[in-house]
2 protein chains.
Amino acid sequence: MLDKVDLSKSIEKDEYEDLIDEFTIRLGELQRKAWKLGIPVIVVFEGWHASGMAEIINRFLMPLNPMGFELHTTGKPCAQELRKPLIWRFWTKIPARGEIAIFDRSWYRRALLEHFIHDIPEKEITNCLKGITYFEKQLADDGYLIFKFFLHISKEVQQKRFEYINGKGIPLFISEEEEQDYIKEYDRLMPLTEKMLERTDTSHAPWNITEANDLNFATVRIMATFIQALENRIAKVEEKHKESENERDHTYINKSLKPSILETVDLSRKLSGHEYKKMKEEYQERLWSLQYRLFMQKRPLVLVFEGWDASGKGGGIKRLVQVMNPRLYRVIPIGVPSDVELSHHYMWRFYNEIPEAGHMAIFDRSWYGRVLVERVENLCTDREWKRAYREINEFEEILSNYGTIVLKFWIHIDPEEQLQRFKKREKIPHKRWKITEDDWKNREKWDLYEEAANEMLQKTSTTYAPWTIVEGNNKKYARVKVLRTVVEKLEQELE
Amino acid sequence: MLDKVDLSKSIEKDEYEDLIDEFTIRLGELQRKAWKLGIPVIVVFEGWHASGMAEIINRFLMPLNPMGFELHTTGKPCAQELRKPLIWRFWTKIPARGEIAIFDRSWYRRALLEHFIHDIPEKEITNCLKGITYFEKQLADDGYLIFKFFLHISKEVQQKRFEYINGKGIPLFISEEEEQDYIKEYDRLMPLTEKMLERTDTSHAPWNITEANDLNFATVRIMATFIQALENRIAKVEEKHKESENERDHTYINKSLKPSILETVDLSRKLSGHEYKKMKEEYQERLWSLQYRLFMQKRPLVLVFEGWDASGKGGGIKRLVQVMNPRLYRVIPIGVPSDVELSHHYMWRFYNEIPEAGHMAIFDRSWYGRVLVERVENLCTDREWKRAYREINEFEEILSNYGTIVLKFWIHIDPEEQLQRFKKREKIPHKRWKITEDDWKNREKWDLYEEAANEMLQKTSTTYAPWTIVEGNNKKYARVKVLRTVVEKLEQELE
């Protein structure tokens, strides 16, 4: 892609200044419009070192209202970042609706400089590019507008600029000291750059190769590209708003999934008090040592608990963590999203919670809310929850590729058992708070939830993140099954 | 304090189990009540290594609803944390109202282990303890309930436990590898520990020395202390709610401050277009090099801009950053606080924004909102804004002690100039969004705002964080004065 770029392009100073004045006013207006319409925007700057990136970004920022953008400078991943999948540090920084996130170097850093320097295995780069593709696609699907600019300069210009920078004593940002020899290897970086650009140039997040031998020319080119695409998007969103205030199509009913997975669950399984006590203690003891092996081997563990109200998710979790070291686990209860969470991509709040290497995150309800409660209660569009199966599988694949052990439990009970538990909760003073109006209302939609759960189990049980259905009518049986599944999986995965 | 503790205390297993059952129910209830009343709670665990801290914390967590607490494990500060004042990493982790933050080791780590190992100069420890005192006092004043438990064991018990831990191959958390020799020096750590406990044992955040030779005894003691203090606080808050729904006393008028500081400002100062251009360019060039010296010398810079609506804060900031490297500065516009921000201590959102060593944070409005808009518009109680002068000075002292250069600008204009600017803004299409109803309303309260500004300037101008009053009727003069003040201060501070 880069060899076809004409790097001799430039612009006269007068013309530049006139254009900037015009663009400044238009950019300000567009930012306010995008804010009102809730369009989230991501702008990525990549390019050769010494391509003038800092200067160009600063010029790009000047017309914008600081209230609505955030600039993220991407250096070498720090220790904490290396303890999570690569893409985590970027997922946590996506803009809220209406805001602009600008990345001064980005998720492409790994596929370029770090790949080049550290000789990262091809498999890891493939995973990395896959993670990037998922990331950009999921954001674009959710209405994020993505700009990727690659600042291209010639080898000669780069060399002159390095001399200038050295002369002035300006620190080389972004690249760490140990990287500073590598960034000058223009010829050897070229093929990697070409490959990276080709593999990640998609319709929803295309690369804009920008000639940057002349900084003024580059600035104008970038601003013009940005203005045009943002104007187009604003026009589209405005039109859509006019067309229909609510285009939701809740007509979809999936009949084909019967006979259901859940119908075949044998809910009569149980344990006696004696068996329970013995098995619980045995598995808890094994889990106690396993947590330290997990920690030493730097493997993260993600446990997901889903299931009917009052099915015993909390009790199951409690028996898991009872003997564990609180420095190694976190229980993350997932409730109604906050306003801030709602103003981001649906998966944002879950990316924020993924565990570090060697640690466990235990989710009491999870991202599966998208295809359960949000589907049944019409809290998202049909298009959104149907898309979520793929998004969830991608998310779990990224976790798994990083080395995370992912286990998911569906705790199953039948409606009669649930009714009894609800009644019991109402009778015990210190348990009454657990039961709310919503619980009774959800009960009435049992069939819809069951259909949703069935489809979820079918579409998201993968080799790397399997579901375990737990027969939950007998709490003792259920708790031991959870413990046993976790223990056996860990013994199998850990050395 | 420690020599008077009877470490032989223990408890029978049966008694322990009965008590825990009782406590579990009461703790659950108290947590729900504190949640409803919006009481924020902080629980600190410190103590000897191998005092059973992890186990005790895990038992303490079991009765709690994970929705309402967060456990923070405090290890050696990471690179990013060392680039900010010590207390920053804890300020950012304070709980929201109604929530519980539990610290597994805490801000005392530095005064103990790190002090011991790294032989930190006495002056730094004094600053550190001062920062801690400010921190705890400010939180307590704001209604935070603070528990500090020190787990005390004898040297003999500690040695036995270290043997056990080694035998089982359990990793030593919290202390880094290089620290592991030091944590065993019981005798040499003792005087430091005594001193630290004595110097930070305050009425609003007292230390509870807890005998932990027997883990069950310690657990029961901690839970009982927690339950009792939380019950007392809940009773007090409930009573207060009954007494008066609104005890705000907006009767305070400060007459003594006349003649006002602002009355003496000479607003006739101005610059010609030619002078302006020349001086602006000269100072911008000096600033351009100074930013790299600031970076190299790892000094953070905080600039605060306050002033009347339309006084030119934004324009002044723009001329500062126009030539700067966007990797080194951030403009932080402060608007109405979000719900999440409102549910924390007032200073929380500002602690979240302080710059790293070598970087600049430029605040367009700031923490001074507490004693300006919040005072005038009755958005906080009189007690709160009167307390804020001290809180603000403490905050800036902490920044300054870390090496931060703090400069504050009050851009001053007169009401006639403001009126003209408002009218002009309404006429220009792309500036009209800048002017709102609120601006016109605030204008009517000019006198109240002026009184508040006067008192603020008087009470918060310190040697370590001085105010500069900028004569703002002439924008050119004002912009150059801001540039000049920043440049001269940096030249004076930097080597």
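Two strands count as paired if DSSP finds at least two bridges between them. Keep that in mind for this predicted model, where strand β2 of chain B is joined to strand β3 by five bridges. In that pair, B:F69 stands opposite B:I100 in β3(B). Below you'll find how the two chains match up, then a tour of two sheets in chain B, and then some helix pairs from both chains.

**How the two copies relate**

- Any two copies of a chain can be related by a rotation about an axis plus a shift along it.
- Here, a turn of 180° and a shift of 0.0 Å along the axis lay chain B on chain A, with an RMSD of 0.0 Å.
- The two copies are therefore related as by a two-fold rotation axis.
- Both copies use the same surface, since 100% of the contact residues of chain B recur in chain A.

**The sheet from β1 to β5 in chain B**

- As a bit of background, the strands of a sheet pair through backbone hydrogen bonds, and the pairing can be parallel or antiparallel.
- Which order do the five strands of this open sheet follow? Reading across, you get β2-β3-β1-β4-β5 in chain B, and the pairing is parallel.
- At the edges sit β2 (69-73) and β5 (207-211) of chain B, and each of these pairs on one side only.
- From one strand to the next, the twist averages 20°.
- Zoom in on one edge, and you'll see β2(B) running parallel to β3 (residues 100-104) of chain B.
- A helix goes with this sheet too: α2 (residues 53-61) of chain B lies across β1 (41-47), β2, β3 and β4 (145-152) of chain B.
- Helix α2 of chain B runs at about 155° to β1(B).

**The sheet from β6 to β10 in chain B**

- Chain B also has an open sheet of five strands in the order β7-β8-β6-β9-β10, with parallel pairing.
- Which strands stand at the edges? They are β7 (329-333) and β10 (467-471) of chain B; each has a single partner strand, so one side of each is left without a neighbour in the sheet.
- Ignoring direction, neighbouring strands here are turned by 20° against each other on average.
- Strand β6 (residues 301-307) of chain B pairs with β9 (residues 405-412) of chain B over seven bridges, in the parallel sense.
- Within that pair, B:L303 stands opposite B:L407 in β9(B).

**Helices α6 and α15 in chain A**

- Helix α6 (residues 122-141) of chain A packs against helix α15 (residues 382-402) of chain A at an angle of about 150°, and their axes are 11 Å apart.
- Angles over 145 degrees count as roughly antiparallel, so α6(A) is roughly antiparallel to α15(A).
- The two helices, α6(A) and α15(A), make a left-handed crossing.
- On the α6(A) side, the residues in contact include A:N127, A:K130 and A:Y134, while those from α15(A) include A:R387, A:E391 and A:I398.
- Sorted by class, this contact of α6(A) with α15(A) has eight charged, four polar and two nonpolar residues.

**Helices α15 and α18 in chain A**

- Helix α15(A) also packs with α18 (residues 446-460) of chain A, at an angle of about 40° and with axes 10 Å apart.
- That angle makes α15(A) oblique to α18(A).
- How is the crossing of α15(A) and α18(A) handed, left or right? It is right-handed.
- From α15(A), the contact is made by A:W385, A:Y389, A:I392, A:N393 and A:E396, and from α18(A) by A:E455, A:M456, A:K459 and A:T460.
- These residues of α15(A) and α18(A) divide into four nonpolar, two polar and three charged.

**Helices α16 and α17 in chain B**

- Over in chain B, helix α16 (residues 415-427) and helix α17 (residues 437-444) pack at about 165°, with their axes 12 Å apart.
- At that angle, α16(B) is roughly antiparallel to α17(B).
- The crossing of α16(B) and α17(B) is left-handed.
- B:P415, B:Q418, B:L419, B:F422 and B:E426 of α16(B) meet B:D439, B:W440 and B:R443 of α17(B).
- By class, the contact of α16(B) with α17(B) has four nonpolar, one polar and three charged residues.

Notes
Residues are numbered from 1 along each chain as its sequence is written. Chains are lettered from A and ligands numbered from 1 in the order in which they are written. This is a predicted model: local features need pLDDT of at least 70, side-chain atom pairs count only at pLDDT 80 or more; totals for chains, interfaces and linings use all residues. Side-chain values use heavy atoms; hydrogens and water are left out. Axes are lines fitted to C-alpha atoms, for helices over the stretch in contact, and angles run from 0 to 180 degrees between N-to-C directions. Helices (H or I, at least four residues) and strands (E, at least two) are DSSP runs, numbered from the N terminus. Angles under 35 degrees count as roughly parallel, over 145 as roughly antiparallel, 65 to 115 as roughly perpendicular and the rest as oblique. A crossing is left-handed if the near helix is turned anticlockwise from the far one by less than a right angle, and right-handed if clockwise. Contact means heavy atoms within 4.5 Å. Ala, Val, Leu, Ile, Met, Phe, Trp, Tyr, Cys and Pro count as nonpolar, Asp, Glu, Lys and Arg as charged, and the others, Gly among them, as polar. Copies are superposed by least squares on the C-alpha atoms of residues with pLDDT of at least 70 in both.
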